[in-house]
Amino acid sequence: MGKGPGLYTEIGKKARDLLYRDYQGDQKFTITTYSPTGVAITSSGTKKGEIFLADVNTQLKRNNITADVKVDTNSNLSTTITVDEAAPGLKTILSFKVPDQRSGKLELQYLHDYAGICTSVGLTANPIVNFSGVVGTNVGSIGTDVSFDTKTGNFTKYNAGISFSNADLIAALTLNDKGDTLTASYYHIVKPLTNTAVGAEVNHSFSSNENTITIGSQHALDPLTTVKARVNNFGKASALIQHEWRPKSLFTISGEVDTKAVDKSAKFGLALALKP
């Protein structure tokens, strides 16, 4: 485990990654190339039903400054400039999208041995201001995440969470959606040598009085191949297999079936990521 509690977004992240990361029902292809000057160019294409979406991302790194420029099929130009370690523990991120004039945002992240702070403000006349903070250690932490709309004078988001970790177990409890959703998650490393882990997540909605329970696991068949599976209380069962057929290049096949409606067709997803 690293030093410090990290940022608020890391509360419950291990369980979320185990249960949801790399699962998809679409076809996705990504290829990354590097120019002689060190510029990374990543082209991505995703087929969602009859719709095909594509984008090209160019990344340039120079010392502690990283610039990302992405163009998508909707003619949107997104730019992100990141300055890492402008001061000890401080990261500055400036982002904007053309032609959306209200998309500009300035974000500051600060990591300390006993705190993690992230604040952002929209670059508009009446911006939305977001603040999240976590205090504690890499063993136990508590945090909050709030957003305030200066135009309406209302809070658009207020969440809170706590986390407990040790060498092989991470448990988290968060209150989201303005206090309407309570989420408890659990992640446990069963066997580090084979990257075997189990996880669970329970969501309770106070407004609908509905519970969603998801459990899952992962296991490395060999150093280059990982399998994952999950199921929820609504009968949706999913599985995937991911193989690193060359360094940093991944091939993933995933599928989902509704066990309560076996007459429906299963969903399948395919992802191919190529890196030199």
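User: How many nonpolar, polar and charged residues are in the lining of the largest pocket?

Analyst: In this predicted model, the largest pocket encloses about 1000 Å³ of space, and its lining is made up of 42 residues, with Arg21, Asp22, Gln242, Leu250 and Thr252 the closest to the centre. Sorted by class, that lining has 16 nonpolar, 15 polar and 11 charged residues.

User: Which strand gives the largest share of the lining of the largest pocket?

Analyst: The element in question spans residues 27-34 and brings 5 residues to the lining of the largest pocket. The largest share therefore belongs, with elements being DSSP runs numbered from the N terminus, to strand β1.

User: What element supplies the largest share of the lining of the second largest pocket?

Analyst: The second largest pocket has a volume of about 540 Å³ and is lined by 30 residues, those nearest its centre being Pro5, Glu10, Asn138, Ser165 and Ile170. Several elements each supply at least two residues of this lining, among them β7 (105-112), β10 (140-149) and β11 (154-165). The largest share, 3 residues, comes from α1.

User: Is serine 78 buried or exposed?

Analyst: Serine 78 sits in strand β5, which covers residues 77-84, and, with neighbours within four places in sequence left aside, it is in contact with Asp68, Val69, Lys70, Phe96 and Lys97. Its relative accessibility is 18%, and the cut-off for a buried residue is under 20%. Because of that 18% value, serine 78 counts as buried.

Note on methods: Residues are numbered from 1 along each chain as its sequence is written. This is a predicted model: local features need pLDDT of at least 70, side-chain atom pairs count only at pLDDT 80 or more; totals for chains, interfaces and linings use all residues. Side-chain values use heavy atoms; hydrogens and water are left out. On a 1 Å grid over the protein atoms alone, a cavity is a set of points where a 1.4 Å probe fits but cannot get out, and a pocket is an open set with protein on both sides within 12 Å along at least five of seven lines; lining residues have an atom within 4 Å of a point. Grid points are joined across faces, edges and corners, and a volume is the space filled by probe spheres set on the points. Helices (H or I, at least four residues) and strands (E, at least two) are DSSP runs, numbered from the N terminus. Ala, Val, Leu, Ile, Met, Phe, Trp, Tyr, Cys and Pro count as nonpolar, Asp, Glu, Lys and Arg as charged, and the others, Gly among them, as polar. Buried means under 20% relative accessible area, exposed over 50%, partly exposed in between (1.4 Å probe, protein chains only). Contact means heavy atoms within 4.5 Å.
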